[in-house]
Amino acid sequence: MNTIKSYSARVSIIVAIATVAVVVIGLSLWQDAHVSRALSSAELRVLRTAQISSERAHGSELALRGETIAGNQAVTGYIAQALDNVLPGTEPDYASVVDLLEERRSQLKLSMVAILSQKGSVLATTDRMIGPLDFGDSLLFRSVRESKRAKNGLLIHEDRLLDMRILPLAEYGFSEIYLLVALPLDQTFARSLVEGAGEGSKADVALLLPTPQGVRVVASTLSPSAAEALPSALSVAVSDTAGGAAKPLPDGNLWLELAGAQRLAEAVPLFGDADARVLLIAPADVDSVAHASLRLPLQIGCVLALLAVGIASWWFWRRWLAPIESLLRVLEYAADSGDLQLKVKPTGSPLVSRVGAAFNRLCVRVASSSRA
């Protein structure tokens, strides 16, 4: 009997330890996941702030370079003379205008410079690829023409993304023509977003163009292999959030599987334009020191809780269960043997002691009745 009790006690202890271990491991994993998401979300907020700051700086720099060209009367005067003061039946000297624009483009490190007519057609440009475009239907151009004020916008041309600014040269005293200047949005710009998040940031960004065929990555700070796998990872993530159906990039957070690691990401408009997106990607290895520092209190708390439960259980056993078990053995022996000369030492809680004392009085009374 004692062997069975001893075996049961050992099994109970092992089960209790295993249960506590499973609980501690489960809580640690839950905490790690919760902390990882919180830290990743914090990284995305920092990256979002850096993006807004970089976009403002980029726009301000573009405005300054545009004003440098437009405010130079020698430049704008030459352009106006070349395009306006033309004899009937002769063509404007576009070649000399392009040469002048190319000189200014090179000096100011712009992606391109162009002159637009009052209807938005391209009169002269340093970018041959952009030549056939007509900005007459552009919302940005129409807004500039109506307000007579320079404005910035996003230019999407084939595989290129450009931050452009259109300036009305009429406000400088010349004919109704427009100056277009642009800076590229490429890997240099993508890296500036990450650098704005702080020195040593391990976050990544990707400039995306949603197309009917899927998402096209224009530039990114990801490794070549990760950048190549990004459209597929986005497709899987978007399908998961849409319940299996493909849909455009959603607002809010996405979990991406990149290079074997789960990374939290958020797609936001680029320069406020919904036709292009910036994908902000939190680091794969969020702060392990923070994980360890938060995991340790949880584990210490679990150990202290286990110790408290153990002490409480020992006190309960010592105060209640052991005295009751001892009293029960005496009662069983008395009932089986008929020996009423037994005495129980009242121990344990007051209630158990009262039961023991009552048993002693009962034995004395029954023994006295038997002798009488």
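In what order do the 5 strands of the open sheet stand? Let's hold that thought for a moment, everyone, and start with what we are looking at.

This is a predicted model, in which local features need pLDDT of at least 70 and side-chain atom pairs count only at pLDDT 80 or more, while totals for chains, interfaces and linings use all residues. Residues are numbered from 1 along each chain as its sequence is written, and side-chain values use heavy atoms, with hydrogens and water left out.

The chain has 8 helices and 10 strands; these are DSSP runs, with helices being H or I of at least four residues and strands E of at least two, numbered from the N terminus. Of its 372 residues, 36% count as buried, meaning under 20% relative accessible area with a 1.4 Å probe and protein chains only, whereas exposed means over 50% and partly exposed lies in between.

Now, back to the sheet. The order is β7-β6-β10-β9-β8, and the pairing is antiparallel; two strands pair if DSSP finds at least two bridges between them. At the edges stand β7 (214–220) and β8 (253–258), each with a single partner strand, so one side of each has no neighbour in the sheet.

Let's zoom in on β6, residues 204–211, which pairs with β7 over 6 antiparallel bridges. A hairpin of 2 residues connects β6 to β7. On its other partner, β10, strand β6 runs antiparallel and is joined by 5 bridges. L207 is a nice one to find on screen: its bridge partner in β7 is A219, and in β10 it is V278. You can also look for L209, which stands opposite R216 in β7. Strand β6 is mostly covered, with 6 of its 8 residues buried.

Next, please turn to helix α3, residues 94–108. With 15 residues at 1.5 Å each, α3 should span 21 Å, and its end C-alpha atoms are indeed 21 Å apart; the expected span is 1.5 Å times one less than the number of residues. Which residues of α3 are buried? They are S96, V97, L100, L101, R104 and L108. Seen down the axis of α3, these buried residues fall within an arc of 135°, so they line one face of the helix; the arc is taken from the directions from the helix axis to the C-beta atoms. As a reminder, an α-helix has 3.6 residues a turn, so residues three or four places apart point the same way. On the other side of α3, A95 and D99 are exposed. Just after α3, K109 takes a positive phi of about 55°.
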